[in-house]
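Grab a pencil and work through these exercises with the model open beside you. Try each task yourself before reading its solution.

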Amino acid sequence: MKLSDLNLTPRAKSTIQQMDEAIVKGATVHMKWTCVYCGARQTFEEPNAVHIQGGRCEECNKVTDVLQDERADTNFLAIWGGGRK
Ligand SMILES: [Zn+2]
């Protein structure tokens with residue numbers, strides 16, 4: 001499965017685009033999303049990655065379809081400087 005095969009929400013598309021731009025400028029980014037089951041705000045630990053298989057909630061252990069469910073309300077955290085590639 002590839003990213004381009006998915007029916008991304010507009011929000012996910014723009015988040016991925018902004019993450020790419022930040023990475024190009026030297027930031028380390030982590031995608032953030034909201035668990036659709038319990039509403040907990042979650043962050044993927046793996047840097048500079050998009051998880052097409054979805055995200056497992058640390059609070060309720062259920063998997064949200066982060067990129068194809070509008071309720072996931074994707075966003076990202078950018079860390080500038082200090083990091084090394
Ligand atoms: Zn949850």
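**Exercise 1.** Work out how S1 and S2 are joined, and how many bridges join them.

*Solution.* Step 1: S1 and S2 run antiparallel, and three bridges join them. (Strands are DSSP runs of E with at least two residues, helices are runs of H or I with at least four, and both are numbered from the N terminus; two strands pair if DSSP finds at least two bridges between them.) Before going on, note that this is a predicted model, where local features need pLDDT of at least 70 and side-chain atom pairs count only at pLDDT 80 or more, while totals for chains, interfaces and linings use all residues. Residues are numbered from 1 along each chain as its sequence is written.

Step 2: Look for partners. Thr 34 stands opposite Arg 41 in S2, and Trp 33 has Gln 42 in S2 as its bridge partner.

Step 3: Follow the turn. S1 and S2 make a hairpin with six residues between them, and Gly 39 in that turn has a positive phi of about 80°.

**Exercise 2.** Find the strand order of the open three-stranded sheet.

*Solution.* Step 1: Add the other pairing: S1 and S5 are antiparallel over five bridges. One of the partners to spot is Ile 79 in S5, which pairs with Thr 28.

Step 2: Put the strands in a row, and you get S2-S1-S5, with antiparallel pairing. Strand S2 (41-43) and strand S5 (75-79) are the edges, each pairing on one side only.

**Exercise 3.** Which residues make up the largest nonpolar core?

*Solution.* Step 1: Get the rules straight. A nonpolar core is a set of buried Ala, Val, Leu, Ile, Met, Phe, Trp, Tyr and Cys residues joined through C-beta atoms within 7 Å. Buried means that 20 or more other C-beta atoms lie within 10 Å of the residue's own, with C-beta atoms placed from the backbone; 12 or fewer means exposed, and in between is partly exposed.

Step 2: List the nine members: Ala 12, Met 19, Val 29, Met 31, Trp 33, Val 50, Val 66, Leu 67 and Ala 72.

Step 3: Sort them by element. Helix H1 (10-24) and strand S1 (28-34) each give two or more residues, and S1 has the largest share, with three.

**Exercise 4.** What pattern does the protein chain follow along the sequence?

*Solution.* Step 1: Count one helix and five strands.

Step 2: Read them in sequence and you have α-β-β-β-β-β.
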